[in-house]
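Student: I would like a close look at one part of this protein. Start from a single position, then work outward through its surroundings.

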Amino acid sequence: MKKNIFLALDFDSLDKALDITDKTKNYLAGIKIGLELYSAIGLDGIKEFEKFKLPIFLDTKIFDIPNQVAKTVTVISSLKAIKYFTIHALGSLEMLQAAQIAAMGTNLELLAVSVLTSWDKKDLEQIGIKSEVKDQVKLLINLASQAKLSGVIASAQDIALVRQISKDIKIFCPGIRNNQNTQDQKRTLSYKEFNDLADDKCYAVIGRPIYEGNALENIKTIINSAK
């Protein structure tokens, strides 16, 4: 069975997160701990997930001056259980490079956030960015590639665009939905559509469609939908 799903544990309960991970672990490529859960459990709480022997993706999307980002990366890299860590590509090439230098020689791989899947052109315009969404994604992916980061966060709709820039960079795709209820996401695809576009360096990041309800049955249904 091809494992390309990272389970997004986007809630604030350590017990719930451990329980859902335990139930679905055999179907996962890894788990994602977002800002909400991280704020509740901290680095010590993340250690509780080491027993599952799954890659851990810490998704706090930091965005700060290069020195502070580099220092944060150094702290995060000290916990060997964390495999991936996100930083905003909007923070500048200098910030991305400082982060990458701090991560060198460690287990940590950095992922650059391009344009959030909850954003569309109107959202970009509200912060003064006049570019089309795909043009902005392309610009930010190029920065990540120049900084030699391991991967990027991008909509599954942008996989082909990312591959025009780099054949090797890992792509993590949130906003995977199997029905018309996209919740707070705007640029979404189904898991089947994702798989039709994805290569072996692409991962689907899925949260609520798995953990709302029977997590084990939900993830089986999602995986079977792509067959």
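Tutor: Take S155. This is a predicted model, and in it S155 has 0% relative accessibility, so S155 counts as buried. The cut-off for that label is under 20% relative accessible area. S155 sits in a loop, the one that links β6 (151-153) to α7 (159-165). Its side chain does not point at nothing: at 3.0 Å it reaches the backbone nitrogen of Q157.

Move one residue along. A156 is in the loop between β6 and α7. With a relative accessible area of 2%, A156 is buried because that value falls under the 20% cut-off. What touches it? Setting aside neighbours within four places in sequence, A156 makes contact with C173, I176, L189, F194 and L197. For a sense of scale, compare A81. That residue is 75 places away along the chain from A156, and the two C-alpha atoms are 27 Å apart.

One of those contacts of A156 leads further in: F194. The largest nonpolar core has 72 residues, and F194 is among those with the most contacts inside it, together with F49 and I87. Look at F49. Leaving out neighbours within four places in sequence, F49 contacts L9, L14, A17, L18, T21, I31, I33, L37, I41 and I56. Another core lies apart from the largest one. It has 11 residues, including A29, Y84, V113 and Y203.

L9 on that list of F49 contacts brings us to strand β1. β1 covers residues 5-9, and five of its five residues are buried, so the strand is largely enclosed by the rest of the structure. In a regular strand the side chains alternate between the two faces of the sheet. Here I5, L7 and L9 lie on one side of β1, F6 and A8 lie on the other, and all are buried. Both faces are therefore covered.

Now the partners of β1. Strand β8 (residues 202-206) pairs with β1 in the parallel sense, over three bridges. F6 has V205 as its bridge partner in β8. Strand β2 (residues 30-34) also runs parallel to β1, and four bridges join the two. L9 has I33 as its bridge partner in β2. The connection runs from β1 through helix α1 (residues 14-24) to β2, and this β-α-β crossover is right-handed.

β2 is mostly covered too, with five of its five residues buried. G30, K32 and G34 point one way, I31 and I33 point the other, and all are buried. G30 is the bridge partner of F6 in β2. On to β3: β2 pairs with β3 in the parallel sense over four bridges. K32 has F57 as its bridge partner in β3. The chain gets from β2 to β3 through helix α2 (residues 35-46), again by a β-α-β crossover that is right-handed.

F6 and F57 have now both come up, so turn to the rings. The structure holds 10 aromatic pairs. F6 and Y84 form one that is edge-to-face, at 6.0 Å centre to centre with 70° between the planes. F6 belongs to strand β1 and Y84 to strand β4, so this pair ties together parts that are 78 residues apart in sequence. Both F6 and Y84 are buried. The rings of F57 and F172 have centres 5.3 Å apart and planes at 65°, so this pair is edge-to-face as well. F57 lies in strand β3 and F172 in strand β7 (residues 170-173), so the pair ties together parts 115 residues apart in sequence. F57 and F172 are both buried. One aromatic cluster takes in F6, F57, Y84, F172 and Y203.

Last, a helix. α4 spans residues 93-103, and its buried residues are M95, L96, A98, A99, Q100, A102 and A103. Their cover includes β3 (56-62), α3 (66-77), β4 (82-88), β5 (109-113) and α6 (133-146). G105 follows α4, with a positive phi near 80°.

To retrace the route: S155 is buried, and A156 next to it contacts F194. F194 and F49 are among the residues with the most contacts inside the largest nonpolar core. F49 contacts L9, and L9 is one of the buried residues of β1.

Note on methods
Residues are numbered from 1 along each chain as its sequence is written. Side-chain values use heavy atoms; hydrogens and water are left out. Buried means under 20% relative accessible area, exposed over 50%, partly exposed in between (1.4 Å probe, protein chains only). A polar contact is a pair of N or O atoms within 3.5 Å; within protein, one must be able to donate a hydrogen and the other to accept it, and residues adjacent in sequence count only if both atoms are side-chain atoms. Two strands pair if DSSP finds at least two bridges between them. A crossover is right-handed if, with the strands pointing away from the viewer, the path from the first strand over the helix to the second runs clockwise. Contact means heavy atoms within 4.5 Å. A nonpolar core is a set of buried Ala, Val, Leu, Ile, Met, Phe, Trp, Tyr and Cys residues joined through side-chain atoms within 4.5 Å. Rings of Phe, Tyr and Trp (its six-membered ring) pair if their centres lie within 6.5 Å; planes under 30 degrees apart count as stacked, over 60 as edge-to-face and the rest as tilted.
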